[in-house]
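Colleague: I am new to reading protein models, and I would like a close look at a single part. Could you pick up one helix with me and show how it sits in the rest of the chain?

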Amino acid sequence: MSNAIVVIPTYNEVENIERLLRNIFSLQRTFDVLVVDDNSPDGTAALVNSLMNEFPKKLNILSREGKMGLGTAYIAGFKWALAREYEYIFEMD
């Protein structure tokens, strides 16, 4: 587990989430990632879940039941990260 995490709220991001995640994981600096998905109807969460096998313990998902908004997604993501004692929390939209 890294001491830094990137929180990424998503809604209908299936077309670009994989490329974004691969770019983050290819950086010299090690980051974990938390995707906060608001029940995207395009399959974003399913794609992220499938990628979790490739990036175990580095890629996480918080699936929410509906479209609840960007602000609450960040709050939920920050709470998730703080509960796991990350030292650095980054947001990316």
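What follows is a walk from the whole protein to its first helix and the parts around that helix.

Modeller: Happy to! Please keep in mind that this is a predicted model. Let's start with the whole before we zoom in. The protein has three helices and four strands, and from the N terminus on they come in the order β-α-β-α-β-α-β. The C-alpha trace spans about 30 × 25 × 20 Å along its principal axes. For 93 residues, a compact globule would have a radius of gyration near 12 Å, and the protein agrees with that, at 12 Å. Of those 93 residues, 40% count as buried. Contacts also reach far along the chain: among those with a separation of 6 or more, 76% join residues 24 or more positions apart.

Now for our helix, α1, which covers residues 17-25. Which of its residues are buried? They are I17, L21, I24 and F25. Looking down the axis of α1, you would find these buried residues within an arc of 95 degrees, so they line one face of the helix. There is a simple reason for such patterns: an α-helix has 3.6 residues a turn, so residues three or four places apart point the same way.

What does this buried face of α1 pack against? Its partners are the strands β1 (4-10), β2 (32-37) and β3 (59-63), together with helix α2 (44-51).

It helps to turn around and look from the α2 side. There, T44, A45, L47, V48 and L51 are buried. Viewed down the axis of α2, the buried residues fall within an arc of 160 degrees, so they too line one face of their helix. They pack against α1, and also against β1, β2 and β3.

Next, let's step off each end of α1. On the way in, the loop between β1 and α1 holds N12. With 35% relative accessibility, N12 counts as partly exposed. Its backbone deserves a glance as well, as phi of N12 is near 60 degrees, a positive value in a residue other than glycine. Here is the background to that remark: most residues other than glycine have a negative phi. Another case is K57, with phi near 70 degrees. K57 lies in the loop between α2 and β3, and it counts as exposed, at 72% relative accessibility.

On the way out of α1, the loop leading to β2 contains both T30 and F31. Are these two neighbours buried or exposed? T30 counts as partly exposed, with 43% relative accessibility. F31 is buried, because its relative accessible area is 14% and the cut-off for buried is under 20%.

Their contacts are worth following on the model. Leaving out residues up to four places away in sequence, T30 touches S2 and A4. T30 and A4 are 26 residues apart in sequence, yet their C-alpha atoms are 7.5 Å apart in space. F31, counted in the same way, touches S2, A4, V6, I24, F25, K58 and F90. Two names on that list bring us back to our helix: I24 and F25 are among the buried residues of α1. By contrast, F31 and K79 are 48 residues apart in sequence and 17 Å apart in space, C-alpha to C-alpha.

Finally, let's visit the far end of the chain, in the segment after β4 (88-91), where D93 is found. At 75% relative accessibility, D93 counts as exposed. Even so, D93 touches L70 and Y74, again leaving out residues up to four places away in sequence. Its C-alpha is 8.0 Å from that of T10, although the two are 83 residues apart in sequence.

To bring the picture back to where we started: I17, L21, I24 and F25 are buried in α1, they line one face of that helix, and they pack against β1, β2, α2 and β3. Just beyond α1, in the loop to β2, F31 touches I24 and F25, among others. If you rotate the model until you look down the axis of α1, the 95 degree arc of its buried residues is a good thing to trace.

Conventions:
Residues numbered from 1 in each chain as written. Predicted model: local features only at pLDDT ≥ 70, side-chain atom pairs only at ≥ 80, totals over all residues. Heavy atoms only, no water. Rg over C-alpha atoms; globule rule 2.2 N^0.38 Å. Buried < 20%, exposed > 50% of the residue type's maximum accessible area, 1.4 Å probe, protein only. Contact = heavy atoms within 4.5 Å. Arc of directions from axis to C-beta.
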